[in-house]
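Subject: Structure handover

Hello,

Here is the structure we talked about handing over. Please open it before you read on.

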Amino acid sequence: MENEMIDGSSQRFPHLFSPLRLGGVALKNRVVSTGHHTHLAHLVPNEPLIAYHAARARGGVGLIITEVTGVHPTALFSNDTLMAVDDSCVAPFAKLARAVQAHGSKIFAQLFHPGRELLAPTSGLMPVAFAPSAVPNERFHIMPRAMSAALIEEVIAGFGRAAGFLAAAGYDGVEIVASHGYLPSQFLNPRVNLRDDAWGGDDTRRRAFLLAVCRAVRATAPDLALGLRISGDEMDDLGLDPGEVLAACEALAPEVDHFSVVCGTSASLGASVHIVPPMGVANGYTAPFAQAIRQKTGKPVIATGRINQPQTAEAIIANGQADLCGMTRALIADGDMVAKAAAGRLDHIRACIACNQSCIGRAHKGFGISCIQNPVSGRETELMPLARVAKSKRIAVVGGGPGGMKAAAAAAERGHRVTLYEAAPRLGGQVLLAQRLPGREEFGGMATNLAAELASLDVTIKTGTRADPALLRDRGDDAINGGEAVYQVLKGAGVGCVFGLFG
């Protein structure tokens, strides 16, 4: 069997590592890298984006859903959004699809229009945003222009046309983004859709846009699996509530193969927290919303939101709350998470701590996605796997905070003999302070993850040991690493070999 596991993990995670079909697509397991904006590419996939997703496919993920792909020129959400508005996109999307499928993973795309939320300036001016009605967005203070009937038809056709391009590129499926307050959600919402025509005025007419989009996609790409991503609760006074969402999903269920369930909306500051929920939010908290949609529609459901360990995902699926689990940040932190879980190497998984410092924090500063625990994430084309050295050296690393621990691990991974010194009784440095703050307890997981990595690499650890110049001078190491403060101390003491590049 394609997804047969080893070391008994098929028994430990019998639900998570069992196959499943979405439409006509057979998945080898239930782990999903859900659509998320990487900020790595502009308009079409490039080498960094391809390498990023290929790494997770190589690590064993069953389904990869690539980030939002605009379906119409008015859908250019930001300056680094993927677009599928003409056939020039087919070749680069095909290259991405082949890279993922080569490792046995399936690949879906997100079909997207943001509606009243556009962040891409052109020539120094903000573009015009279009929505069902002229209702402003609280978070970004955008006043949209109400869509004409002709533009609505044009955008619907754009969804179908984009699906056709992705089918030509070899994708296995697509997912319509009706989550987080974007355009399809805006049509569903009676507080945002104030129309009284074929596209608004009652529940049936407010659902007409999504119904038409689903049918346009089916008509253009009948062989693709079709999913609908939706917020089970937009968690905002003006957003869709669970009752409204359930009713919409029940009505639309005959049109789709699966639902992908999240929470929150991008339209307000408070509710936007749920797009990438931080560590103060409970693990797997979206599962009850997914379960409600699953029960109401009878369709397979993906649950996404703070699912950072295979044990959590297994429990959600075993309890009947969902059929698959989106584990996106868990896979950013450790692209090999699935393979490690399959091999029974749970202690070697670098668990996401939901700090949001690099996966989202970098994006807010205009940089591509990464992870403070795993700097290779998003930099797969720059930071290749560390090659083993021809000649092993003795290396001392001074300071057992996250930087020192990672430096020691990198040196040991290359084949050096490494000793790590830490004056305190425990490794971890300032993350041990951070974890003592209310709601920030998971910060300590960074030290736990790095300690497990050091143990697997046979690094010698000397806690409770201050590495003074005399100790380091007498060791006779080939290289010493410990930051600028250590450099100044050793320089003054006449120790010559500092800052090895571990080559």
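Below is what was found, region by region. Please keep in mind that this is a predicted model.

**Helix H2**

Start with helix H2, residues 47-58. It has twelve residues. From its first C-alpha to its last it reaches 16 Å, close to the 16 Å expected at 1.5 Å a residue. Nine of the twelve residues are buried, so H2 counts as mostly covered. The buried ones are Leu-49, Ile-50, Ala-51, Tyr-52, His-53, Ala-54, Ala-55, Arg-56 and Ala-57. They pack against two strands, S4 (63-70) and S5 (82-83). They also pack against two helices, H3 (90-101) and H12 (328-333).

Both ends of H2 have something to look at. At the N-terminal end, Asn-46 acts as a cap. One of the side-chain oxygens of Asn-46 lies 3.1 Å from the backbone nitrogen of Leu-49. After the helix comes Gly-60, with a positive phi near 110 degrees.

**Strand S6 and its neighbours**

Strand S6 covers residues 106-112. Six of its seven residues are buried. Which way do S4 and S6 run relative to each other, parallel or antiparallel? They run parallel, and seven bridges join them. Within this pairing, Val-68 stands opposite Gln-110 of S6.

S6 also pairs with strand S9, residues 173-177. This pairing is parallel too, over four bridges. Here Ala-109 has Val-174 in S9 as its bridge partner.

**Salt bridges**

Side chains of opposite charge can pair when their charged atoms come close. How many salt bridges does the model hold? The count is 15. Three of them are described here.

- Lys-340 and Asp-334 meet through their side chains at 2.7 Å, N to O. Lys-340 and Asp-334 are both buried.
- Arg-218 and Asp-257 form a salt bridge at 3.1 Å, N to O. This pair links distant parts of the chain, 39 residues apart. Arg-218 sits in helix H7 (residues 208-220). Asp-257 sits in the loop between helix H8 (242-252) and strand S11 (258-262). Arg-218 has 24% relative accessibility, so it counts as partly exposed. Asp-257 is buried because its relative accessible area is 16%, under the 20% limit. Salt bridges with shared partners also join Asp-196, Asp-202 and Arg-205 into one network.
- Arg-205 and Asp-196, both in that network, meet at 3.1 Å, N to O. Arg-205 is partly exposed, at 27% relative accessibility. Asp-196 is exposed, at 65%.

**Cysteines**

How many disulfides are there? The count is zero. Cys-359 is in no disulfide, and the nearest cysteine sulfur, in Cys-355, is 6.3 Å away. Why is Cys-371 not bonded to Cys-355? The closest cysteine sulfur to that of Cys-371 is the one in Cys-355, and at 6.5 Å it is too far for a bond. The cut-off for a disulfide is 2.5 Å between sulfurs. Cys-359 counts as buried, at 11% relative accessibility. Cys-371 is buried as well, with a relative accessible area of 12%.

**Two loop residues**

Ser-268 lies in the loop between S11 and helix H9 (269-272). Is Ser-268 buried or exposed? It is buried, because its relative accessibility is 2%. Its C-alpha is 7.3 Å from that of Asn-137, although the two residues are 131 apart along the chain. Leaving out residues up to four places away in sequence, Ser-268 touches Glu-138, Arg-139 and Asp-236. There is also a polar contact on the helix side: a polar side-chain atom of Ser-268 lies 3.4 Å from the backbone nitrogen of Ala-271.

Gln-321 is in the loop between helix H11 (310-318) and strand S13 (324-326). Gln-321 counts as buried, at 16% relative accessibility. Which residues does Gln-321 touch, leaving out those up to four places away in sequence? They are Ala-287, Pro-288, Ala-290, Gln-291, Arg-294 and Ile-316.

Over to you.

Best regards

Note on methods
Residues numbered from 1 in each chain as written. Predicted model: local features only at pLDDT ≥ 70, side-chain atom pairs only at ≥ 80, totals over all residues. Heavy atoms only, no water. Buried < 20%, exposed > 50% of the residue type's maximum accessible area, 1.4 Å probe, protein only. Contact = heavy atoms within 4.5 Å. Salt bridge = Lys/Arg side-chain N within 4 Å of Asp/Glu carboxyl O. Expected span 1.5 Å × (residues − 1). Polar contact = N/O pair within 3.5 Å; in protein donor to acceptor, adjacent residues only side chain to side chain. Pairing = 2+ DSSP bridges.
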